[in-house]
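Please look over the structure below with its sequence alongside. The text after it goes from the overall make-up to the sheet, the helix and two loop residues.

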Amino acid sequence: MWNEIKSQEDIDLFMKQVLSFHDSCIRETRYISGTYIDKDGAMVMNTKPFMYIKFDTQRSSNFTWFEFELGGIDNFSIKINLNSTLDIYSATFFKKNDWFYWYSDEYADENSEYMFRCQTIRWRILSYSKQT
């Protein structure tokens with residue numbers, strides 16, 4: 001079941017459940033642009049791409065694996081340092097001017113390891129399975 005996040009209050013309740021993403025990691029991402037080539041060879045443009053991000057967390061008492069669905073995503077970034085771990089120690093998540101912003105650390109700036117900006121967001125608990 002999907003849980004839609006619409007307000008800062010929804011964000012705050014979610015962040016409390018996952019302890020601000022402390023001891024979490026991104027398990028998987030999937031981006032769907034919606035743009036495609038039709039049967040006549042013409043490009044059909046979509047201006048509302050989607051992205052799915054699956055997370056694992058050690059700290060939530062209610063669940064260990066969950067997924068975000070990001071609608072109208074216009075910014076996503078991953079900065080990977082192969083000489084360090086990829087775990088998330090904390091995150092900043094807020095709504096501003098009808099946009100949702102998420103950063104993988106408390107500084108919430110361009111130096112965050114992970115970040116996204118989107119127009120809609122919802123989340124759901126997933127059943128745990130081994131990474132293949």
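Helices and strands here are DSSP runs, of at least four residues for a helix and at least two for a strand, numbered from the N terminus. On that basis, Leu19 is found in the loop between helix H1 (8–17) and strand S2 (24–32). The coordinates belong to a predicted model.

Start with the chain as a whole. The protein has 132 residues, and 37% of them count as buried. Its secondary structure amounts to 11 strands and one helix. Read from the N terminus, the order of elements is β-α-β-β-β-β-β-β-β-β-β-β. How much of the contact between residues at least 6 apart in sequence joins residues at least 24 apart? The share is 59%. As for the outside, the accessible surface of the protein is about 8,300 Å², and carbon and sulfur atoms account for 49% of that.

Next, the sheet. Strands of a sheet pair through backbone hydrogen bonds, in either a parallel or an antiparallel manner. In this model, five strands make up an open sheet with antiparallel pairing, and their order is S1-S11-S6-S5-S2. Strand S1 (3–5) and S2 are the edge strands, each pairing on one side only. From one strand to the next, the twist averages 20°.

At the S2 edge, the neighbour is strand S5 (residues 50–57), which is antiparallel to S2 and joined to it by eight bridges. To place one position in this pairing, find Thr29: its bridge partner in S5 is Ile53.

Now turn to the helix. Which strands does H1 lie across? They are S1, strand S6 (65–71) and strand S11 (120–125). H1 runs at about 120° to S1.

Last, go back to the loop between H1 and S2, where Phe21 lies, as does Leu19. Leu19 is not a glycine, yet its phi is positive, at about 50°. Phe21, also not a glycine, has a positive phi of about 70°. Are these two side by side in exposure, or do they fall into separate classes? Buried means under 20% relative accessible area and exposed means over 50%, with partly exposed in between. Leu19 has 45% relative accessibility, so it counts as partly exposed. Phe21 has 0% relative accessibility and therefore counts as buried.

How values were computed. Residues numbered from 1 in each chain as written. Predicted model: local features only at pLDDT ≥ 70, side-chain atom pairs only at ≥ 80, totals over all residues. Heavy atoms only, no water. Buried < 20%, exposed > 50% of the residue type's maximum accessible area, 1.4 Å probe, protein only. Contact = heavy atoms within 4.5 Å. Areas by Shrake-Rupley, 256 points an atom, 1.4 Å probe, with all protein chains shown as cover. Pairing = 2+ DSSP bridges. Axes fitted to C-alpha atoms, helices over the stretch in contact; angles between N-to-C directions.
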